[in-house]
Amino acid sequence: MSFRNCPICQAPDSETIHTLACGNLDNSKLYPTIRIENCPRCGHVFNELSKNELDGLNHYYNIEYAPANLNATDKTGDRPGSAGGLTTERYDQLYRALSPHINIQQDILDVGCALGGFLDYLSEKGFKRLSGVDMAETYVEHARIKNQYRIMLGNAESLPFSDHTFDAIVMEQVLEHLVNPVRAFQEARRVLKNGGVFCIGVPDASKYSDFYFFDFYWLLLREHIQHFDADHLNLLAMHEGFEMLECRQTAHAVMSERMIMPNLYVVFRLTDSVENMRETDFNDSKLKQQIVNYIDKEKLRQLMKSRKIAELSKSRKPVYAWGIGREFLYLYESAGLKYCNIAGLIDANQFKQKSCSVNGMKIVDVGDLLRKASFDSMLVITAIAHTDSIRNAAKTLGFKGEIFDLNINSNTFY
């Protein structure tokens, strides 16, 4: 049983749906195991975290998450606050939902603004009265240097602004990160002007099964501790004094065109009343069943990968892994990759090279590592979004061994 109350309705004693070991970088503050919970009262799905795990997650954002993103060599993927092509496509989707409800004379706040990418986007549309807030000091420092907007250090649960300051608040890909989403709505209510607009973008948990990228991927995003569908988002909103104006189900590419995230854009308007939750407001277990179906599919994929990796382990061939992120860590901890004869860990991210290791093994740039690899060595591509480019780079470097492809489209498993 969970020791946390439901983040939406505060009911105790949630039910554990699934537990999964996700692995970790050495000395990481990110919690290593996810415990997916379902509230038997309102049906919301969320991650159970202890007090220490919550503290570690907050620490992780500043010392791991933000530096790794800022040092990423990929400039086209959708990263926080960036201006890459895939990020701009997401901004386009967000703006299409938001634009009918705002105008360029209004005061607009972007909560979780990162480097200020969406503020730049709005500025190019003619908006001038723009502000942002982010909890990561690293992002705020970079954003203040880069932008002319009012950028503040803070978070969605405690906004550093006076009452009734803004006509519109944007909270894009933020609410799923929050321990207390109710408090975020209360803070939005406080700083919004009468009749103000609150636009929220979150991953659509009801559609996890429809958009496969990698085993359990939408759960391996451990920063996402709330799993919303439209019904539970609206349930939360209406009891904090907001009415839904529109809801859009979308999808957008994240790190590459093969990684498509299901998304919800919901626009709310502040009303004059706040209601207490009633038993008649609570819905059925539809979301729980959708998440369970998703988990069951991923268990089968995990089993197939584990069997193939077990064969690789038995062979004792030297194994190089390229891409030391959440996919690698999951395979290492939950699919048996740690039992293989690991000869090297490769990642182009300089932050990981300088500061990170796995079980004492340092992460290195590709350099001469693959050129010197023996003919019987294996390269496991674990940066799944970049499988094609890594495969081509390995061949260019003269890698003589076999490439062990984990892509869903590969005949290796499917």
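Cys9 is buried, with a relative accessibility of 9%. The model is a predicted one, and this cysteine is a good place to enter it. Cys39 is in no disulfide, and the nearest cysteine sulfur to its own is that of Cys9, 3.6 Å away. Cys39 is buried as well, at a relative accessible area of 1%. Why is there no disulfide here? A disulfide needs two cysteine sulfur atoms within 2.5 Å. The sulfur nearest to that of Cys9 belongs to Cys39 and lies 3.6 Å off, so by this cut-off Cys9 is in no disulfide. For the protein, the count comes to zero disulfides.

Next come two backbone angles. Most residues other than glycine have a negative phi. Gln10 has a positive one, near 70 degrees. Gln10 sits in the segment before strand E1, which covers residues 15–21. Its relative accessible area is 44%, so Gln10 ranks as partly exposed. Asp13 also lies in the segment before E1. Its phi is positive too, about 60 degrees, although Asp13 is not a glycine. Asp13 is partly exposed, at 46% relative accessibility.

Now move along the chain to strand E12, residues 318–322. How many of its five residues are buried? Five of the five are, and the strand is mostly covered. The side chains split into two sets. Pro318, Tyr320 and Trp322 point one way from E12. Val319 and Ala321 point the other way. Both sets are buried.

Which strands pair with E12? One is E13, residues 341–346, joined to E12 by five bridges. These two strands run parallel. Within this pairing, Trp322 has Ile346 of E13 as its bridge partner. Between the two strands, follow the chain through helix H9, residues 326–334. E12, H9 and E13 together make a right-handed β-α-β unit.

Strand E16, residues 378–381, also pairs with E12. Four bridges join them, and again the strands run parallel. Two of the matches can be traced residue by residue. Val319 of E12 has Met378 of E16 as its bridge partner. Ala321 stands opposite Val380 in E16.

E16 itself has buried residues pointing both ways. Met378 and Val380 point one way from the strand, and both are buried. Leu379 and Ile381 point the other way, and they are buried too.

From E16, the pairing continues to strand E17, residues 402–404. Three bridges join E16 and E17 in the parallel sense. Val380, already seen opposite Ala321, stands opposite Phe404 in E17. To get from E16 to E17, the chain passes through helix H11, residues 387–396. This β-α-β crossover is right-handed. The unit of E12, H9 and E13 is right-handed as well.

Taken in pairing order, the picture is simple. E13 is joined to E12, E12 to E16, and E16 to E17. Each of these pairings is parallel.

How far does the predictor trust its model? The protein averages a pLDDT of 90. Of the residues, 92% score at least 70. Where does confidence stay under 50? Residues 408–414 are such a stretch. There the model has 18 contacts beyond four places in sequence. Read those contacts alongside the pLDDT, which stays under 50 across the stretch.

How values were computed. Residues are numbered from 1 along each chain as its sequence is written. This is a predicted model: local features need pLDDT of at least 70, side-chain atom pairs count only at pLDDT 80 or more; totals for chains, interfaces and linings use all residues. Side-chain values use heavy atoms; hydrogens and water are left out. Buried means under 20% relative accessible area, exposed over 50%, partly exposed in between (1.4 Å probe, protein chains only). Two strands pair if DSSP finds at least two bridges between them. A crossover is right-handed if, with the strands pointing away from the viewer, the path from the first strand over the helix to the second runs clockwise. pLDDT is the predictor's confidence in each residue, from 0 to 100. Contact means heavy atoms within 4.5 Å.
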